[in-house]
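Me: I would like to go through the reasoning behind some labels used for this model, taking the ligand site and then one residue. Please set each value against its definition.

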Amino acid sequence: MVKVDDQQRSTVTGVYVAGEACGVGGAQLSLVEGEIAGLFAANARPPSRLLRRRAALRIFAEAMHQTYPVLPGWQSWVRTDTIACRCEEITVGTIRHAVTELGATDPRAVKSYARPGMGLCQGRVCGYPTAALVAGELGRAVTEQDLRGLAERPIGQPVPLGVLSRLEN
Ligand SMILES: Cc1cc2nc3c(=O)[nH]c(=O)nc-3n(C[C@H](O)[C@H](O)[C@H](O)COP(=O)(O)OP(=O)(O)OC[C@H]3O[C@@H](n4cnc5c(N)ncnc54)[C@H](O)[C@@H]3O)c2cc1C
């Protein structure tokens, strides 16, 4: 989770961060934070209504987290046929099978064997549960490396052919 100050500045000079990278708070909060980050990055002062809206949305997000906490032990509530990765429709049983029968020892390997995290959300929804299920099967806690292995990828941006054709060399 990226730590930001009131101006949405990260600890890296010149890098502003908004949205879910700073914590789960919903789409509206992400948009408002993005607007604030953009304005501060452009040396403009955001209107106070925007700052008030961010504060209110953060309070709402915190209330949601407190009202619907993910309680410890949830791994024991899910069934073999419970869907863990909705994009690829991968069940809990398939993930556990990748560990117990195919020999995967981390979520990244499970992703390769069984495809959780390979769909549209790219592990944003199923990454943590997959890591927790794998760690549970292996009798250990989820590590930072488990989560990094699922999320880390280079920044990618589609480049139109026209842009390439205009390059000189
Ligand atoms: C299943 C689900 C249901 C939800 N329902 C609600 C709801 O009802 N109401 C609500 O308020 N919020 C909801 N949310 C939360 C909401 O979607 C998020 O809070 C919001 O989308 C976060 O916005 P963001 O801009 O921070 O991130 P995102 O919307 O995730 O945007 C990040 C973007 O970065 C791109 N990206 C990622 N990696 C790279 C890379 N390496 N290179 C280039 N681009 C990259 C992604 O493709 C994506 O377009 C839901 C989330 C989920 C998963």
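Reply: A definition comes before anything else: Ala, Val, Leu, Ile, Met, Phe, Trp, Tyr, Cys and Pro count as nonpolar, Asp, Glu, Lys and Arg as charged, and the others, Gly among them, as polar. In this predicted model, the shell around the ligand then divides into four nonpolar, four polar and four charged residues.

Me: Which residues surround the ligand?
Reply: The surrounding residues are Gly-19, Glu-20, Gly-26, Ala-27, Ser-30, Arg-86, Arg-124, Val-125, Arg-153, Pro-154, Ile-155 and Gly-156.

Me: Why is the ligand said to lie between domain 1 and domain 2?
Reply: Domain 1 (19-67) and domain 2 (74-151) both contribute residues to the shell around the ligand, and therefore the ligand lies between them.

Me: What makes the approach of the Glu-20 side chain to the ligand a polar contact?
Reply: The cut-off for a pair of N or O atoms is 3.5 Å, and an N or O atom in the side chain of Glu-20 is 2.6 Å from an oxygen atom of the ligand. The protein buries 41% of the 990 Å² that the ligand exposes when taken alone.

Me: Why does Gln-8 count as buried?
Reply: Buried means under 20% relative accessible area; Gln-8 has 0% relative accessibility, and therefore counts as buried.

Me: What does the side chain of Gln-8 make a polar contact with?
Reply: The side chain of Gln-8, a residue in the segment before α1 (27-41), makes a polar contact with the side chain of Arg-58 at 3.0 Å, and one of its polar atoms lies 2.7 Å from the backbone oxygen of Val-17.

Terms used:
Residues are numbered from 1 along each chain as its sequence is written. This is a predicted model: local features need pLDDT of at least 70, side-chain atom pairs count only at pLDDT 80 or more; totals for chains, interfaces and linings use all residues. Side-chain values use heavy atoms; hydrogens and water are left out. A residue is near a molecule or strand if one of its heavy atoms lies within 4 Å of it. A polar contact is a pair of N or O atoms within 3.5 Å; within protein, one must be able to donate a hydrogen and the other to accept it, and residues adjacent in sequence count only if both atoms are side-chain atoms. Accessible areas come from the Shrake-Rupley method with a 1.4 Å probe; for residues, only the protein chains shown count as cover. Domain bounds come from an automatic or database domain assignment. Helices (H or I, at least four residues) and strands (E, at least two) are DSSP runs, numbered from the N terminus. Buried means under 20% relative accessible area, exposed over 50%, partly exposed in between (1.4 Å probe, protein chains only).
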